[in-house]
Amino acid sequence: MRERRQERHDERQDDRNFGRRSSGNNCYQMREKLVSIGDDFWIENDEGQKAYKINGKALRVRQTLIFEDSQGHELCKIQERMLRIKDSMEIEGPNGEKLAMVKKAMITPVRERFTAKIGNGQDLDIQGNILDHEYSIEAGRDKIAEVSKKWFRVRDTYGVEIQPGQNEILILAITVCIDQMAH
């Protein structure tokens, strides 16, 4: 009983530390409605350095976004999936392997839910206030990332904080998918 109480206390403390520079998590800065077809956008790290580039490819039938590192190497490709009942976007690796399928799961008056079906891992649940960029990404009961606007005063800017040991590129790509589908 005492161990369980301590465990819950530790979980609450971890939640409170999310979004703080001293948390040891990796933080990135993004903008709402980041790209439209033909536009490019940089994702910055918590030191203001350009870390990843989202390249909105023009002249394609469906929406395609290329996720690149700062040297221009393709890390993954995000494509809108047509002819599906639910909104969905697929994330593919640089060699065309399926990394994840992000789908809108459920709409309720206050919260939206998305799921990310991971190709070779545990599926992720994304829930919270998606439109206001206040949501968390969880693997089972563990929060692995948090998205929030409250860390920035700049309009149309939000942060993504990722726990160490997670696939940052995949988490950021999922965040881009959610931003595209929600707006």
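## Salt bridges

A salt bridge is counted here when a side-chain nitrogen of Lys or Arg lies within 4 Å of a carboxyl oxygen of Asp or Glu. In this structure, which is a predicted model, a search of the whole structure by that rule finds three salt bridges. Side chains of opposite charge can pair when their charged atoms come close.

One of the three joins K53 and D40, whose side chains meet at 3.6 Å from N to O. Because K53 belongs to strand β3, which covers residues 50-56, and D40 to strand β2, which covers residues 40-45, this pair ties together parts that are 13 residues apart in sequence. D40 itself counts as partly exposed, with a relative accessibility of 42%.

Another salt bridge brings together the side chains of K117 and D123, again with a value of 3.6 Å from N to O. K117 is partly exposed at 38% relative accessibility, and D123 is likewise partly exposed, at 33%. The salt bridge between K143 and E146, given as 3.6 Å from N to O, has partners of another kind, since K143 counts as buried at 18% relative accessibility and E146 is buried with a relative accessible area of 12%.

## Aromatic pairs

A pair of aromatic rings is described by the distance of the centres and the angle of the planes. The search of the whole structure finds two aromatic pairs. In one of them, Y28 and Y52 form a tilted arrangement, with 5.9 Å from centre to centre and 50° between the planes. Y28 lies in strand β1, which covers residues 26-31, and Y52 lies in strand β3, so this pair ties together parts that are 24 residues apart in sequence. Y28 counts as buried at 8% relative accessibility, and Y52 counts as buried at 12%.

Y52 also takes part in a pair with F67, which is tilted as well, with 5.4 Å from centre to centre and 45° between the planes. Since Y52 is in strand β3 and F67 is in strand β4, which covers residues 64-69, the contact between their rings ties together parts that are 15 residues apart in sequence. F67 is buried, with a relative accessible area of 0%. Taken as a group, Y28, Y52 and F67 form one aromatic cluster.

## The chain as a whole

The protein chain contains two helices and twelve strands. Read from the N terminus on, its elements run α-β-β-β-β-β-β-β-β-β-β-β-β-α, so that a helix stands at either end of this order, with the strands listed between them.

Of the 183 residues of the protein chain, 44% count as buried. The accessible surface of the protein chain comes to about 10,600 Å², and 43% of that surface belongs to carbon and sulfur atoms. Among the contacts between residues at least 6 apart in sequence, 32% join residues that are at least 24 apart.

## Strands β8 and β9

Strand β8, which covers residues 112-118, has five buried residues among its seven, and it is therefore largely enclosed by the rest of the structure. Its partner is strand β9, which covers residues 124-129, and the two pair in the antiparallel sense over five bridges. Within this pairing, the bridge partner of A116 is L124 in β9.

The two strands β8 and β9 form a hairpin, with five residues between them. The salt bridge of K117 and D123, described above, can be viewed alongside this hairpin, because K117 falls within the residues 112-118 of β8.

## Cysteines

A disulfide is a covalent bond between the sulfur atoms of two cysteines. The count for this structure comes to zero disulfides, by a rule that asks for a pair of cysteine sulfur atoms within 2.5 Å. C76 is in no disulfide, and the nearest cysteine sulfur, that of C177, is 8.1 Å away. C76 counts as buried, at 0% relative accessibility, and C27 also counts as buried, at 12% relative accessibility.

Terms used: Residues numbered from 1 in each chain as written. Predicted model: local features only at pLDDT ≥ 70, side-chain atom pairs only at ≥ 80, totals over all residues. Heavy atoms only, no water. Helix = DSSP H or I, 4+ residues; strand = E, 2+ residues; numbered from the N terminus. Buried < 20%, exposed > 50% of the residue type's maximum accessible area, 1.4 Å probe, protein only. Phe/Tyr/Trp six-rings, centres within 6.5 Å; stacked < 30°, edge-to-face > 60°. Contact = heavy atoms within 4.5 Å. Areas by Shrake-Rupley, 256 points an atom, 1.4 Å probe, with all protein chains shown as cover. Pairing = 2+ DSSP bridges.
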